[in-house]
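Me: I would like a close look at one part of this model. Please take a single strand and work outward from there.

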Amino acid sequence: MKIQIAPSILSADFGHLADEIKRAEAAGVDGFHLDIMDGHFVPNLTMGPMVCQTVRKLTKLPLDAHLMIDNPDLYIDSFAKAGADLITLHLESYHSGDKLSSALKRIKSLNKKTGICINPGTSEKKLEPFLAEADEVLFMSVNPGFSGQSFMPEVLPKITAIRKIYKGDIRVDGGINDKTVKQVIEAGANILVTASYFFGAKDYSAAVQQLLR
């Protein structure tokens, strides 16, 4: 599978967002990752559908709305309308598998791609009942909430286990840089979310090439 690079908008300079996106596109990224946090599900408050809508106007590349929030069902329609191409739900947001399945069906009904995500402390086996309904699986390789954290290598065997039984896209988010990228790809991931490593680089093109190398 083609290795794809998806910078996290959370680490961009919001004072020059249009320029940041243009520079990222020129560097050859494959899409953009939107970390949606509500201050309850994770200890940080970031952005909502309006920011997604703004980013949508600035790029034609795919947008992943990663909903790290309580009650994500209330916002699926809003992010779909705002222009997200993929809506990713946390398994931990749902107390019932039936409710998660219903939410994934709702996303599909809006002609959007579906993603399911787990935190580092959640067993990958809990993903298995939902793999047939997901276009993508996202593994958090840090505890979600803040950019700049160190990669957690204990996630690697989980990625490998799911890759053995799943043919869709596997995205990894957290601590992705030139030191960790090789082991993540070797474990079976094909979409790399890069945050501070990418937007902290002086040369975005060089950062992309370093990850792909």
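Reply: What follows starts at one strand and moves out to the parts around it.

The model is predicted. The strand to look at is β3, residues 63–68. It is mostly covered: six of its six residues are buried. The side chains go two ways. Leu63, Ala65 and Leu67 point one way from β3. Asp64, His66 and Met68 point the other way. Both sets are buried.

Now the neighbours. Strand β2, residues 32–37, pairs with β3 in the parallel sense. Six bridges join β2 and β3. In one of these pairings, His66 of β3 is the bridge partner of Asp35. Between the two strands in the unit comes a helix: β2, α2 (residues 49–58) and β3 make a right-handed β-α-β unit. Strand β4, residues 86–90, also pairs with β3 in the parallel sense, over four bridges. Here Asp64 stands opposite Leu86 of β4. To get from β3 to β4, the chain runs through helix α3, residues 76–82. That β-α-β crossover is right-handed too.

Go back to Asp35, the partner of His66. Asp35 is found in strand β2. Its relative accessible area is 5%, so Asp35 is buried. Leaving out residues up to four places away in sequence, Asp35 touches Ser8, Leu10, Thr46, Met47, His66, Met68 and Asp173. Two of the residues named there, His66 and Met68, belong to the β3 set that points away from Leu63, Ala65 and Leu67.

The records add labels here. An unreviewed UniProt entry places the feature "active site" at Asp35 and Asp173. These two are spread over 139 residues of sequence, yet they cluster in space: the largest C-alpha distance is 10.0 Å. Asp35 and Asp173 are also in contact in the model. The "binding site" annotation, again from an unreviewed UniProt entry, includes His66 of β3. It also covers Ser8 and Asp173, among others. Ser8, His66 and Asp173 are all listed as touching Asp35. Ala195 is another residue under that annotation. Ala195 is found in the loop between β8 (191–194) and α7 (196–199). At 18% relative accessibility, Ala195 counts as buried, because the cut-off is under 20%.

Next, the cysteines. A search of the whole structure finds zero disulfides. Cys52 is in no disulfide; the nearest cysteine sulfur, that of Cys117, is 17 Å away. That is too far for a bond, because a disulfide needs the sulfur atoms within 2.5 Å. Cys52 is buried, with a relative accessible area of 0%. Cys117 counts as buried as well, at 0% relative accessibility.

Last, a helix with a covered face. In α5, residues 156–163, the buried residues are Leu156, Lys158, Ile159, Ile162 and Arg163. Seen down the axis of α5, these buried residues fall within an arc of 160°, so they line one face of the helix. The general pattern fits: an α-helix has 3.6 residues a turn, so residues three or four places apart point the same way. The buried residues of α5 pack against β6 (136–140), β7 (169–173) and α6 (181–187).

Technical notes: Residues numbered from 1 in each chain as written. Predicted model: local features only at pLDDT ≥ 70, side-chain atom pairs only at ≥ 80, totals over all residues. Heavy atoms only, no water. Buried < 20%, exposed > 50% of the residue type's maximum accessible area, 1.4 Å probe, protein only. Arc of directions from axis to C-beta. Contact = heavy atoms within 4.5 Å. Pairing = 2+ DSSP bridges. Right-handed = clockwise from strand over helix to strand, strands pointing away. UniProt positions renumbered as here; feature names shortened; annotations may be inferred.
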